[in-house]
Amino acid sequence: MGRVDTLLAAMTPQEKIGQLNMAAGSAVVTGPGERGAVEEGIRGGRIGSLLNVWGAEEVRRLQRLALEDSRLAIPLLFTLDVIHGFRTIFPVPLAEACLFDPDAWERTARAAAIEAGQQGVALTFAPMLDVARDPRWGRIVEGPGEDPWVAAQFAAAKTRGFQGNELRDGATLAATAKHLCGYGAVTAGREYASVDVSERTLHEVYLPPFAAAAASGVAAMMPALIDIDGVPMTANARLLNDWLRVRLGFEGVLISDFNAVTELIAHGVAADDTEAAALALTSGVDIDMASEAYLRGLPSALARGLVSERQIEAAVRRVLTLKERLGLFDDPYRGIGQQRQAMPRALAREVARRAIVLLTHRADVLPLSPDARHIALIGPLADASAEMLGPWAAAGRAEDAVSVLQGLKAAMPGCHIDSAAGVGLDGEDAHGVAAAIERCRAAELVILCVGESHRMSGEAASRGDLGLPAAQGALAEAALALGKPVVVLLFSGRPLIVPWLLERADAVLACWFLGTEAGNAIADVLTGGFNPTGKLPISWPSHSGQIPIFYAQRPSGRPAKRGERFSSSYLDIPVAPQFPFGHGLSYSRFALEDLQCAPRRVRAEDTIEVSVRVRNDGPVRGEASVLLFVRDVVASVARPVLELKGVRRTALAPGGHSRLRWSVPVASLAFPGLDLEPVLEPGEFQIHVGHSADPTGLLRESIELIP
Ligand code: BGC
């Protein structure tokens, strides 16, 4: 008998249920009463895992309680949201997605796992894989954007990065793919609202990233807090059991979201904790995070026959197997005290500068002239190191983070940089505007640092108005009225709808929340030490009436035609986004030519070789990223006008050129057919290649799939 079987045979029903209970560690640090409750719970075998606890000392203390004072000495599992870094904070996931680079995504997860592992954390609630097409939803910041192909690459890269080759190695974290699924489609972008998506959209858009995570061996998954078509994901047996466990063969652990099991009552599908616990467990949820509904409800559910002992045991087996895979039985203090890596700041800086997207650039205002002697750096985000860390910064510290002012001063020691906030991040108080503008008068150039505070995106941060918050608009107007060159650094966890600012500023850079090295990374780009390469993983709306907005639209019978009444458009606003998916300028200019596809006639088992020539027509060395899309022209189900299938990069000197190549397996052109089973239908497929999803900038060729 293996260790897990031996333990299972020795466990009482209460001890089994205890392994399924994850306690919130905030209780460990707040109030003596609650702290005592957690300790009692550990001693009594009522807690199998803890969230929000880290630090060598605290983890050791609590682990010792489990090992020395509980009957079966089963080690605890310590968990935390290590979303984009632990102590060293990397760019928020939406910003990291701008790199379109799985290797970088993997490296940042690896670095975060090493740091967190040293502090006793063994499992992270990441990667977040919610495809999001509605920037009103604050959690768009936590995921990889609008595209399912990008999200699937992100899923695989993050899983590899967090988990490494061997989970037993203390420098890894078990990863949790979340939030299964459709959370990004909350009605009207409102947090925690109901989701109503078609079965087809689930299979085409929302499920593929989770399938990719499962295929990469992700250790855990988390059902979303929402309901889909009236069935809360925490009780969605069809998706959790039938799709994930049976169809995909996922053998990992399912962890509920925070308090989600007892919230089944508020959702209106359970009368009490007994029913809620029974529903969640029988739908496939192994661990109850923080609601204690399993503790309260499973004993009565068992007595009433709503769950069976076998079902409880199956869940406990998965939890114990995860602990075993993590090596916790052999080394309950795994990771703690491992040789420290220095803070991976070089990686943080590299990824942060690559995440910056040059949205607009006129009159060659950038890079800043090395002869600049006086710059005004104004706005509430000019010297705001804490804000740089973003909405989910784990053990990140403001004192480690570099503000724009600090970064620019270090990069331009010969330049006088005059800085003032002018206004707050929020609120209407504009009385500081005049003083900030005074500072600009003698400057050669104004850098305006505006946008959201880190609290305005993330969980429970839906916004209906995606403009600049309050008085920041007044500061921006006053800066633009000076008649001097104005460079805008736009900080946010989502696209902001500021067409007036984008039109009038000389350059605008999307700076998201770039993490610990934000200021240095921004200075690298402003001074030309780094030529921007970031590309948008989302369509950027010009008007909130366009939301939800994404490039992979289905063709309309009456496609949008400007000025034509009976076409798929608006009377009062444009259909095209402010910036298309993939948009991102460089200080270089790249031209694409000579798209080649071979062979022209293919069969299902073939591979299509695609290539295109890229030329750098600009004055400086730079890196071009090129996107490959396909379109299935005629199919039994209308296919999107474009679907991303690959991205390639090349660095080119001025005047330099090279050929980018893709091998596209014909099998990857399959789609969910009329019965939602994958099909590959003969006929014409278009191959489109371009810098972005802007249809006017794409090169196109066709191939034919023959039966
Ligand atoms: C969030 C999850 C997170 C969990 C634990 C919840 O509120 O929805 O994404 O992992 O809290 O912190």
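Student: What makes four residues of domain 2 count as in contact with domain 3?

Tutor: Contact needs heavy atoms within 4.5 Å. In this predicted model, four residues of domain 2 meet that cut-off with eight residues of domain 3. The C-alpha centres of the two domains, by the way, lie 35 Å apart.

Student: Which residues of domain 2 lose the most area to domain 3?

Tutor: Asn531, Thr533 and Lys535, which together make up 83% of what the domain 2 side buries. The area buried between domain 2 and domain 3 is about 430 Å², and carbon and sulfur atoms give 43% of that.

Student: How do you know what class of residue domain 2 puts against domain 3?

Tutor: Sort them by class: the side of domain 2 that touches domain 3 has two polar residues, two charged ones and no nonpolar ones. Despite the charged pair, zero salt bridges turn up across this interface. Polar contacts do turn up, in three residue pairs.

Student: On to the ligand. What makes Arg139 a polar contact of the ligand?

Tutor: The cut-off for a pair of N or O atoms is 3.5 Å. A side-chain N or O atom of Arg139 is 2.7 Å from an oxygen atom of the ligand, so the pair qualifies under that 3.5 Å limit.

Student: How do you know that Asp257 and Glu459 qualify too?

Tutor: Same test, with 3.5 Å as the limit. A polar side-chain atom of Asp257 lies 2.6 Å from a ligand oxygen, and for Glu459 the value is 2.8 Å. Both are within 3.5 Å, so both count.

Student: How much of the ligand does the protein bury?

Tutor: Alone, the ligand exposes 310 Å², and the protein buries 92% of that.

Student: Which residues are closest to the ligand?

Tutor: Asp81, Arg139, Lys178, His179 and Asp257, out of 13 that surround the ligand. By class, that shell splits into seven nonpolar, one polar and five charged residues.

Technical notes
Residues are numbered from 1 along each chain as its sequence is written. This is a predicted model: local features need pLDDT of at least 70, side-chain atom pairs count only at pLDDT 80 or more; totals for chains, interfaces and linings use all residues. Side-chain values use heavy atoms; hydrogens and water are left out. Domain bounds come from an automatic or database domain assignment. Buried area is the accessible area (1.4 Å probe) that two parts lose on being put together, summed over both. A salt bridge is a side-chain nitrogen of Lys or Arg within 4 Å of a carboxyl oxygen of Asp or Glu. A polar contact is a pair of N or O atoms within 3.5 Å; within protein, one must be able to donate a hydrogen and the other to accept it, and residues adjacent in sequence count only if both atoms are side-chain atoms. Ala, Val, Leu, Ile, Met, Phe, Trp, Tyr, Cys and Pro count as nonpolar, Asp, Glu, Lys and Arg as charged, and the others, Gly among them, as polar. A residue is near a molecule or strand if one of its heavy atoms lies within 4 Å of it. Accessible areas come from the Shrake-Rupley method with a 1.4 Å probe; for residues, only the protein chains shown count as cover.
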